[in-house]
Amino acid sequence: MDDTTPTDVSARLVPNTDVSTLETAIEASVSDWNSFIERTERVLLLPDTHYPFHFSTGMVTAPTAVRAACRLVERTGTGTEVVVGCTGGEHADPELSGRFLGYERLAEEEDAELRHLPVGEKSDFADGTAVLNLPTVRSESDGTVAENLRRAFGSRGEAAAPGPVRSVLDGTYSYTGTPQRSLFVATSDDTDALNRWVVELLSEPSDVEGVEPVSESRAVSTADLRSRFSVSRSQGAPDVLDDAMSAGYRLYGRLTGDAVPPQFLRGNDG
Amino acid sequence: MSALELGILGLGNIGTVHLQSAQRLPGVRVRAIADASAENRTLARKLGVSRTYTDYEDLCEAETLDAVVVALPPFLHADAVEAAAERGFDAFVEKPFATTSDEATRMIEAAREGGVSLGVDHTIRYQPGIRRMKSEYDAGHVGHVPLATISRINNGPFSAPPVSHSPSGWQFDPNATGGGALMDLGVHLFDVVEWFFGEVSVEYATVDRQLDLDFEDTASVVLESADTGTTTTLNCGFFQWEEPPDVNMRFQLDGITDSLENSSFAPSNFPIHAATSASKNVVKRLRGDDPDYFGPTYYYRAHYDALGAFCEASAAGEEPPVNGETGRRMVELVEEAYAAADFDPRE
C-alpha cells in the first residue's frame, strides 16, 4: 500500500475516548465544519448499528463518538436539530440494535430524535437534512464508509442521501479480525476517497506489541497509523472454514455413528 | 426389559444434543418430538424421528411415554412439566429449572401428585475435568480449600462474528428467561459449588450491563460454605465471544497443599484432540464397537452423561441424581443473589 496520506483524507490520533476529546477531534478533522453546519437545519448522525456488538470490539461505532457529534452540533449549530439514525442490519432490527447499543438512552440524554431506518426500506427526511456518517473502522472488502451509507439509503448510498454528507471514521476501536484500541478519527470531504483509504489501511496490518499513546490529539500520517494495527488472530475465511467443518463433521457422524454438535447439523449434504 | 420410551419437547440447539444422546443411550427409544418450528421438525425427521408435533401438549396427549425431555424456553418449563406429570411421564428439564422458585415449587408439587420424578440438566458437574477435580478434592489431595473461584462466560443470546442468525425475542424478556446471566449460567455454577462444598450462603453480589439490556449480562457473587469453610467467588457473563469447542468455563480450588483447576484436565489443543478422538472413533467403528459419543467435542459429552444418569434412574424407578429439589435450590440461590445485588430483572 502507498503509505502517503491522500491529500483529501485527514486523520488525527486522540489520547483517549472521552466525549470532549472526540468532540474536539471531529471538529478539527472536518475542514469545512462551520460552513457544513451553518447551512443545515438538521443533522442525521449515522453510526454503524448493524448488530449489537460491544463497541470495544471495533465492530460498530462507539456511542461516545456519536455523543461527541451530538454535542458538537449543539455547540456550533444555530438551533440545529440532531437525529440519531439506527439502521440495524441483516440479523438485527434497528430498534433492537439501537436500544442495546445505548442509542435510545443517548438520544434522550442529548435531546436528539431517534430514527429507526430499516435496511431495505426507504425513509423520508425533512428538507434541510444533512448527514454526518460515522462508520467504524472494520475490515470490510467494500469499505465501512460506503457500507454504512448503503444500509441507510439503499444501494445508491450517498447519492440517495437527503442532503450533503460528511463522513468521519470512528477509529477509537477497530476490528481487523482482532479488536484494536486504535484511538483515531479520520475524515474526508470525498466519501469514495475515505472509503478507499480505510480499505487499504486495513489490508496490511503490521505486527505490533502495543500502541504508544499520545498525550494530546494530533494529525497522523497513514504510514504511522498503519504501524499501530496488529495482525489479525483469525485464520482463514470463517464462512469457508465453518462450511467445510460442518460438512466434514456430518460425514464423520455418518461413518462412525457419533452424534454431531448442533452448530454443524444444519447443512445440505446433497 | 423394554426400552424407556422418550419424548423430546423442543428441538433447538440443546434439544438436538438431547435427541442424539437419547438415540445412543442403551435402553432408550425416542418416540416423538415436538417443536413449533417447521425447520426443526424437518431436522428431527432427518435424524430419524418420524413422529413430530407442533405443540408439546399434543405430543403428551397422543403418546404413551415413560419420560420427556423439556428443552423448551424457560417460561414453558412449568406448563410442560405439569402436562407430563398429569400423564405419568418423568421429566428431564433444561436449566434453569424454572423462572422463579415459586414456579419450581409448583413443578415439584405437580410431579409429586403425578407420581413422577424430575431431573435437571445441570451439566457442568458431568464435565470430565470437574469430575476429576471432585475426585481429587474428595480424596483430600489439596487439603482444606479456603478459597475457590468459578466462572462461566459466553455470548448469551448474541453471535460472535460472522453473525449467522437473529436472536429470538423471548431471549431478551426477563419474564420469559427468569433473568440474565445469573439465571442462565449462574445456576450451573451454584450447582457445582454446592456439589463440592455443601449448602452455601450468598454473602455479596453485584450485577452490571455491558449493553443496554433489560437484564444483567455481568454478575459476580461471593458464597460462603458453612460445612467446609470455603469462600467461593462466582462470576458469570454474556459478554464474550465464544465458539465451541472453546468454552470459557473456569473452576479453581486453592487448597492448603495445592491448587487445582479444570483446564489442567481439559485438552490443551482442541483441534488435535478432536482429530485424535475422531480417528479413534473411526477405528472403533471399523471393529464394530460403539464410538465414544461426542468425544471430539469434549464438552457435549457431559449432556450425554447427564441424560444417561436421568434415564437410568427413571428406568429403575429411582430418584435422579440431580432432581427437582436441586433445580429449585439453584433458582433460589439466583434469587438470593439478585436480592443481595438489590436488582430485580423483572422490573
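Let me start with a single pairing in chain B, where Ile33(B) has Thr52(B), a residue of strand E3(B), as its bridge partner. Please keep in mind throughout that what we are looking at is a predicted model.

That bridge belongs to the pairing of strand E2(B), residues 28-34, with E3(B), and the two strands run in the parallel sense over two bridges. If we step back to the whole sheet, we find an open arrangement of six strands in chain B, ordered E3-E2-E1-E4-E5-E6, with parallel pairing. As a general reminder, the strands of a sheet pair through backbone hydrogen bonds, in either a parallel or an antiparallel fashion.

Which strands stand at the edges of this sheet? They are E3(B), residues 52-53, and E6(B), residues 118-120, and because each has a single partner strand, one side of each is left without a neighbour in the sheet. Packed on the sheet is helix H4(B), residues 77-86, which touches strands E1(B), E4(B), E5(B) and E6(B), and whose direction makes about 175° with that of E4(B).

Let me turn now to the interface, to which chain B contributes 42 residues and chain A contributes 32 residues. The area buried between the two chains comes to about 3000 Å², and carbon and sulfur atoms give 58% of that area. As for specific interactions, twelve residue pairs are found in polar contact across the interface of chain B and chain A, counting pairs with both residues at pLDDT 80 or more.

Which helices of chain B supply at least two residues each to the side that touches chain A? They are H1(B), residues 13-24, H2(B), residues 38-46, and H9(B), residues 270-286. The largest share of that side, five residues, comes from H1(B). By residue class, the side of chain B that touches chain A divides into 22 nonpolar, 13 polar and seven charged residues.

Between the two chains there are also two salt bridges, and one of the pairs I can show you joins the side chains of Arg99(A) and Asp214(B), at 3.6 Å from N to O. In general terms, side chains of opposite charge can pair when their charged atoms come close.

Finally, taking all chains together, the structure holds 40 salt bridges. Among them is one within chain A, where the side chains of Glu27(A) and Arg75(A) meet at 2.7 Å, N to O. This pair links distant parts of the chain, since Glu27(A) lies in helix H1(A), residues 19-29, and Arg75(A) lies in helix H3(A), residues 63-76, with the two positions 48 residues apart in numbering.

Notes:
Residues are numbered from 1 along each chain as its sequence is written. Chains are lettered from A and ligands numbered from 1 in the order in which they are written. This is a predicted model: local features need pLDDT of at least 70, side-chain atom pairs count only at pLDDT 80 or more; totals for chains, interfaces and linings use all residues. Side-chain values use heavy atoms; hydrogens and water are left out. Contact means heavy atoms within 4.5 Å. Buried area is the accessible area (1.4 Å probe) that two parts lose on being put together, summed over both. A salt bridge is a side-chain nitrogen of Lys or Arg within 4 Å of a carboxyl oxygen of Asp or Glu. A polar contact is a pair of N or O atoms within 3.5 Å; within protein, one must be able to donate a hydrogen and the other to accept it, and residues adjacent in sequence count only if both atoms are side-chain atoms. Helices (H or I, at least four residues) and strands (E, at least two) are DSSP runs, numbered from the N terminus. Ala, Val, Leu, Ile, Met, Phe, Trp, Tyr, Cys and Pro count as nonpolar, Asp, Glu, Lys and Arg as charged, and the others, Gly among them, as polar. Two strands pair if DSSP finds at least two bridges between them. Axes are lines fitted to C-alpha atoms, for helices over the stretch in contact, and angles run from 0 to 180 degrees between N-to-C directions.
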